[in-house]
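Me: Could you walk me through this structure? I'd like to see how each label gets decided.

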Amino acid sequence: MSNTSSSTTGHILLVDDEPAYQRLGASFLRQLGYRVSVAGDVDEALQAFENDAPQVVLLDLAMPPSMDPEAGLSLIPRFASSVVVVLSGHGDREFALRAVELGVWDFLVKPIDPDLLRMVVMRAMHKARLDAQLRELQSSRADQQPDEMGLIGQTASMQQLRAMVRRVGATSVNLIVLGPTGTGKELVARALHHCSARRDGPFGIIHCGALSAELLESELFGHLKGSFTGAHRDQPGLVEIAHGGTLFLDEVGEMPPLMQVKLLRFLQEGTFMPVGGRQEKRADVRVLAATHRDLDAMVRDGSFREDLYYRLKGMVLRTPALSDRRADVPLLAARFLHEVAPDARLSADAITWLQSRDWPGNVRQLKAVVESAGALILAGSHLVDAELLRFASGETTELTELPEPATDDKTHAAAQGGAGSLDAAIQELETRMIREAMEQSGGNQSEAARVLGISRVGLIKKLGRLGLK
Ligand SMILES: Nc1ncnc2c1ncn2[C@@H]1O[C@H](COP(=O)(O)OP(=O)(O)OP(=O)(O)O)[C@@H](O)[C@H]1O
């Protein structure tokens, strides 16, 4: 099981099943001043990673019970927010190459030379710190950039989604948004409305899963006075209210079969009959729908009408699970925190912790945790750290350390001091990170650019702009 000792130089997770190696390796690393957690199998490794948010992971790929290196390989993407160094034996070339493809940073071949271990770990820690600074820099900048669509995210999947929203938003096709719960399907529907020629018209929304068939019909198509007990006056439905605009049917997969027929008719003819009415009415509405359910499977098992599915599905947009776009987590978290606590920021260990989670409730869950942590910041403090997040998420029920006020932090000072000082702080952080990367790479610009995650041309431009040539 994981056990730790304290230090300030960084946290290492050592994943290896050999007890002797665990003992020796951990004690050697602790002597160097690192905090060390030890895990002997996949479950322990995942648990320790979640608990301790290590900056560096030393990972032996062969692990019990199967001792199959595939098990170790499968862990690598889960450790994406840390710097991973693989401990391999001779003859593991194929696995080593696959590990590189999955994003590991370096290798050590067993038996491991202690001097080499010391050097590799030192460099890995350095890289982890640079990565953390870069993430902080990105998230602090993102705080300042409002997005007209409200869809936060810079990963390829989000950029594609935004491009699709712009493109299909302008058309009048009906559309289904598919994706797991909390991934922003409603937000996408609003963005589609915002990008359309109907943007000045109304945006109506109805949650199909929350209402009985009768109520849903009355909500959608309206009712006439006296049509049922309690119908004291004529009431227009959402299709009428949304005339000239967009109607969003959330959780359309939950729509009862009877209502599916009526909705299909409206989509085909543009006409509908209010409950208790005798005269058909007409409304011009663009219909968008969303569901987290597998509509294809529902069509196959007969619980969702095929003809309605194809009517709704002029096009399909998919919102990705947050675990498939972990790189966006710092940006999202920074923005959510900014909304509740404009002066606060996330510490590096907070960002690592946030990125190591799976977020089954996706962005909604991330938002709730960050907002709770933001609300828990003590007066006089401006820092949200991993411990506060653990507490806010319910993972721990006690706060052993209260968040420290961020006294010497320039980014934080900038957050308090307005746009001018923010630029100065960003410039200082950029200068520091670039200097460190150049030092680390021995002056090699391509290598430094790679470490910083920017292009070589971009680095050269920055060197010129910051007077670092
Ligand atoms: N890309 C994003 N950028 C900013 N906020 C987001 C993003 N995705 C989701 N959110 C936020 O997460 C919360 C849930 O989003 P939303 O209701 O749109 O998800 P959903 O997929 O429709 O969920 P459900 O399937 O449960 O109806 C909202 O507060 C929304 O603002």
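Me: Let's start somewhere small. Where is Y310 found?

Reply: Keep in mind that this is a predicted model. Y310 sits in helix 12, which covers residues 306–312.

Me: And what makes Y310 exposed rather than buried?

Reply: You count neighbours. Y310 has 12 other C-beta atoms within 10 Å, and 12 or fewer counts as exposed. So Y310 gets the label exposed. Its C-alpha is also 9.9 Å from that of I176, a residue 134 places away along the chain.

Me: OK, what about W359: why is that one called buried?

Reply: Here the count is 21 other C-beta atoms within 10 Å, and buried needs 20 or more. W359 therefore passes as buried. You'll find W359 in the loop between helix 14 (348–356) and helix 15. W359 also has a positive phi of about 50° although it isn't a glycine.

Me: Which label does E251 get, and why?

Reply: E251 has 18 other C-beta atoms within 10 Å. Exposed stops at 12 and buried starts at 20, so E251, with its 18, is partly exposed. E251 lies in the loop between strand 8 (246–250) and helix 10. Its phi is near 50°, another positive value in a residue other than glycine.

Me: How do you know that A62 is partly exposed?

Reply: Same kind of check. A62 has 19 C-beta neighbours inside 10 Å, while buried would take 20 or more. So A62 counts as partly exposed. A62 is in the loop between strand 3 (56–60) and helix 3 (69–75). Leaving out residues up to four places away in sequence, A62 touches M67, P69 and G72. As for L73, eleven residues from A62 in sequence, the two C-alpha atoms are 8.9 Å apart.

Me: Now a helix. How do you know that the length of helix 6 agrees with what it should span?

Reply: Helix 6 runs over residues 156–169, which is 14 residues, and at 1.5 Å a residue that should span 20 Å. Its end C-alpha atoms are 19 Å apart, so the two agree.

Me: Which residues of helix 6 are buried, and why do we say they line one face?

Reply: The buried ones are M158, L161, V165 and G169. Looking down the axis of helix 6, they fall within an arc of 55°, so they line one face of the helix. There's a general reason such a pattern can arise: an α-helix has 3.6 residues a turn, so residues three or four places apart point the same way. On the other side of helix 6, A156, Q159, A163 and R167 are exposed. The buried residues of helix 6 pack against helix 7 (185–194) and strand 12 (315–318).

Me: What puts the buried residues of helix 15 on the same side?

Reply: In helix 15, residues 362–376, the buried ones are N362, V363, L366, V369, V370, A373 and G374. They cover an arc of only 135° around the axis, which puts them on the same side of helix 15. They pack against helix 13 (329–340), strand 14 (383–384) and helix 16 (386–393). Helix 15 reaches 22 Å from its first C-alpha to its last, close to the expected 21 Å.

Me: At what angle do helix 19 and helix 20 pack, and why is that called roughly perpendicular?

Reply: Helix 19 (residues 445–452) and helix 20 (residues 456–465) pack at about 100°, with their axes 8 Å apart. Angles from 65 to 115 degrees count as roughly perpendicular, so helix 19 is roughly perpendicular to helix 20. Q445, S446, A448, A449 and L452 of helix 19 make the contact with R456, G458, L459 and I460 of helix 20. By class, that contact has five nonpolar, three polar and one charged residues.

Me: Last one: which peptide bond is cis, from K110 to which residue?

Reply: The bond from K110 to P111 is cis, with omega near -5°. P111 is in the loop between strand 5 (106–109) and helix 5 (114–142).

Technical notes: Residues are numbered from 1 along each chain as its sequence is written. This is a predicted model: local features need pLDDT of at least 70, side-chain atom pairs count only at pLDDT 80 or more; totals for chains, interfaces and linings use all residues. Axes are lines fitted to C-alpha atoms, for helices over the stretch in contact, and angles run from 0 to 180 degrees between N-to-C directions. Helices (H or I, at least four residues) and strands (E, at least two) are DSSP runs, numbered from the N terminus. Angles under 35 degrees count as roughly parallel, over 145 as roughly antiparallel, 65 to 115 as roughly perpendicular and the rest as oblique. Two residues are in contact if their C-beta atoms, placed from the backbone, lie within 7 Å. Ala, Val, Leu, Ile, Met, Phe, Trp, Tyr, Cys and Pro count as nonpolar, Asp, Glu, Lys and Arg as charged, and the others, Gly among them, as polar. The expected span of a helix is 1.5 Å times one less than its number of residues. The arc is that of the directions from the helix axis to the C-beta atoms.
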